[in-house]
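Take a moment to look over the sequence and turn the model around on your screen. Then let us walk through it together, from the whole chain down to a single residue.

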Amino acid sequence: MSDTHDKPIYGPFFGVMGVVSAIIFSALGAAYGTAKSGIGIAAMSVMRPELIMKSIIPVVMAGIVAIYGLVIAVLIAGSLGNSNTYTLYNGFMHLGAGLAVGFSGLAAGFAIGIVGDAGVRGTAQQPRLFVGMILILIFAEVLGLYGLIVAIFLYTK
């Protein structure tokens with residue numbers, strides 16, 4: 001009797017939703033960060049085309065956020081099983097892990113996009129702003145890393 005309550009047929013659904021949440025939300029954040037930073041790079045390159053390669057850093061950092069979600073999605077997807085072996089507890093833990101990395105990746109991507117856009121435009125006018133932009137981008141990237149750490153912690157429980 002307790003076996004059917006611990007391992008219901010809908011248990012893997014929550015794990016799959018964790019996979020979906022991890023990859024979709026982190027990819028949305030990365031896409032926003034890439035698009036917003038790309039707009040700033042395009043606007044900046046009209047004035048200072050020699051700074052284009054130096055200004056790609058926000059785009060690379062936004063892409064890393066998507067990798068965080070991909071790592072967790074692959075880990076969770078690899079541990080999914082049929083409803084006979086997958087407990088409801090695992091489903092909820094994997095859902096929480098996916099949501100943690102997904103939403104923190106979304107927030108980090110938004111922050112990277114906004115800072116990257118303003119930062120590359122400002123760097124075109126005042127090159128001394130570059131180091132400050134990089135520092136702020138690192139702090140924004142760490143938001144996604146925090147979500148990855150929490151997701152790994154939840155995944156291993």
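In this predicted model, 39% of the 157 residues count as buried. Keep that share in mind while you look at the overall outline. The C-alpha atoms fill a box of roughly 70 × 20 × 15 Å along the principal axes. The radius of gyration tells a related story: a compact globule of 157 residues would come out near 15 Å, but this protein has 19 Å.

What is the chain built from? There are five helices and zero strands, so following the sequence from start to end gives the pattern α-α-α-α-α. Contacts also link distant parts of the chain: among those between residues at least 6 apart in sequence, 86% join residues at least 24 apart.

Now let us look inside. The largest nonpolar core has 15 residues, and the members that touch the most others are M44, I112, M133, I134 and L137. Four helices each give two or more residues to this core: α2 (11-47), α3 (57-79), α4 (88-125) and α5 (129-156). Which of them gives the largest share? That is α5, with five residues. There is also a second, separate core of 10 residues, and A22, Y68, A73 and A151 are among its members.

Next, pick out two of these helices, α3 and α5. Their axes lie 10 Å apart, and the helices pack at an angle of about 5°. Angles under 35 degrees count as roughly parallel, and α3 and α5 are therefore roughly parallel to each other. Where they meet, the α3 side includes I57, P58, M61 and Y68, while the α5 side includes F130, I134, L137 and A151. Sorted by class, this contact has 19 nonpolar, two polar and one charged residues.

Finally, zoom in on one residue, T123, which you will find in helix α4. Is T123 buried or exposed? Its relative accessible area is 4%, and because buried means under 20%, T123 counts as buried. Leaving aside residues up to four places away in sequence, T123 touches R48, L51, L129, F130 and M133. Two of these names may look familiar: F130 is part of the meeting of α5 with α3, and M133 is one of the core residues that touch the most other members. Try finding S55 as well: T123 and S55 are 68 residues apart in sequence, yet their C-alpha atoms are 8.6 Å apart in space.

How values were computed: Residues numbered from 1 in each chain as written. Predicted model: local features only at pLDDT ≥ 70, side-chain atom pairs only at ≥ 80, totals over all residues. Heavy atoms only, no water. Core = buried A, V, L, I, M, F, W, Y, C linked by side-chain atoms within 4.5 Å. Buried < 20%, exposed > 50% of the residue type's maximum accessible area, 1.4 Å probe, protein only. Axes fitted to C-alpha atoms, helices over the stretch in contact; angles between N-to-C directions. Parallel < 35°, antiparallel > 145°, perpendicular 65-115°, else oblique. Contact = heavy atoms within 4.5 Å. Nonpolar A, V, L, I, M, F, W, Y, C, P; charged D, E, K, R; others polar. Rg over C-alpha atoms; globule rule 2.2 N^0.38 Å.
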